[in-house]
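I opened this model to look up how its helices pack, what makes up its nonpolar cores, and where two individual residues sit. My entries follow in the order in which I looked.

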Amino acid sequence: MASYNIKINGKARAVEADADTPMLWVLRDELDMKGTKFGCGIGQCGACTVHLNGNAVRSCQIPVSAVGESDITTIEGLSEKGDHPLQEAWKEHDVPQCGYCQAGQIMNAAALLNKNSNPSYQEIEDATHGNICRCGTYNKIKAAISTAAEQL
């Protein structure tokens with residue numbers, strides 16, 4: 001095992017892990033941050049989405065050794081009180097069903113809105129395409145993103 005100093009949600013954290021340990025497992029198992037979910041483990045479903053330097057990435061595909069000086073933001077770090085406009089819009093539109101994909105969906109949407117605060121319906125459709133929701137709440141997710149964009 002090697003030691004890594006990584007920055008998560010604005011705080012420096014020291015972890016020991018094998019170089020190829022996915023960030024997902026560092027977050028969940030080493031740092032006990034359970035907001036980021038394990039979905040498919042092959043980067044296809046988006047349940048494990050976090051931000052790496054502001055870009056949405058699949059944490060199951062990023063080895064801890066590749067993080068270096070990068071900033072990682074998880075759902076826990078999106079807002080201190082859980083009141084980010086996306087989180088508020090999620091509640092307003094009653095998006096969660098089982099809730100399993102929601103952290104990844106919100107982190108993916110936050111990356112979109114950080115780059116484009118006024119996305120078109122097609123841009124939202126394109127940005128959310130890779131995050132899978134087993135409950136099929138896609139229309140509510142897109143509506144919540146549109147509402148959040150109006151609040152930013």
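Entry 1, a helix pair. I began with α4 and α6, whose axes come within 11 Å and cross at roughly 40° (axes are lines fitted to C-alpha atoms, for helices over the stretch in contact, with angles from 0 to 180 degrees between N-to-C directions; helices are DSSP runs of H or I with at least four residues, strands are runs of E with at least two, and both are numbered from the N terminus). I therefore noted α4 as oblique to α6, since angles under 35 degrees count as roughly parallel, over 145 as roughly antiparallel, 65 to 115 as roughly perpendicular, and the rest as oblique. On α4 the contact (heavy atoms within 4.5 Å) is made by Q105, A109, L112 and L113, and on α6 by I141, I145, A148 and A149. By class I recorded seven nonpolar residues, one polar and no charged ones in this contact.

Entry 2, on provenance. I kept in mind that this is a predicted model, in which local features need pLDDT of at least 70 and side-chain atom pairs count only at pLDDT 80 or more, while totals for chains, interfaces and linings use all residues. Residues are numbered from 1 along each chain as its sequence is written, and side-chain values use heavy atoms, with hydrogens and water left out.

Entry 3, the cores. I then looked up the largest nonpolar core (buried Ala, Val, Leu, Ile, Met, Phe, Trp, Tyr and Cys residues joined through side-chain atoms within 4.5 Å), and of its 21 residues L86, W90 and I145 touch the most other members. Two or more residues come from each of α2 (75-78), α3 (85-92), α4 (102-115) and α6 (138-151), and α4 gives the largest share, seven residues. Leaving aside neighbours within four places in sequence, I found L86 in contact with I106, A109, A110, L113, A144, I145 and A148. Apart from this core lies another, of 17 residues, including I8, V15, M23 and M33.

Entry 4, two residues. I found G104 in helix α4, where it counts as buried because its relative accessibility is 0% (buried means under 20% relative accessible area, exposed over 50%, and partly exposed in between, with a 1.4 Å probe and protein chains only). Beyond four places in sequence, G104 is in contact with G46, A47, T49 and N131. I placed T36 in the loop between α1 (23-30) and β3 (49-52), and at 2% relative accessibility T36 counts as buried.

Note on methods: Ala, Val, Leu, Ile, Met, Phe, Trp, Tyr, Cys and Pro count as nonpolar, Asp, Glu, Lys and Arg as charged, and the others, Gly among them, as polar.
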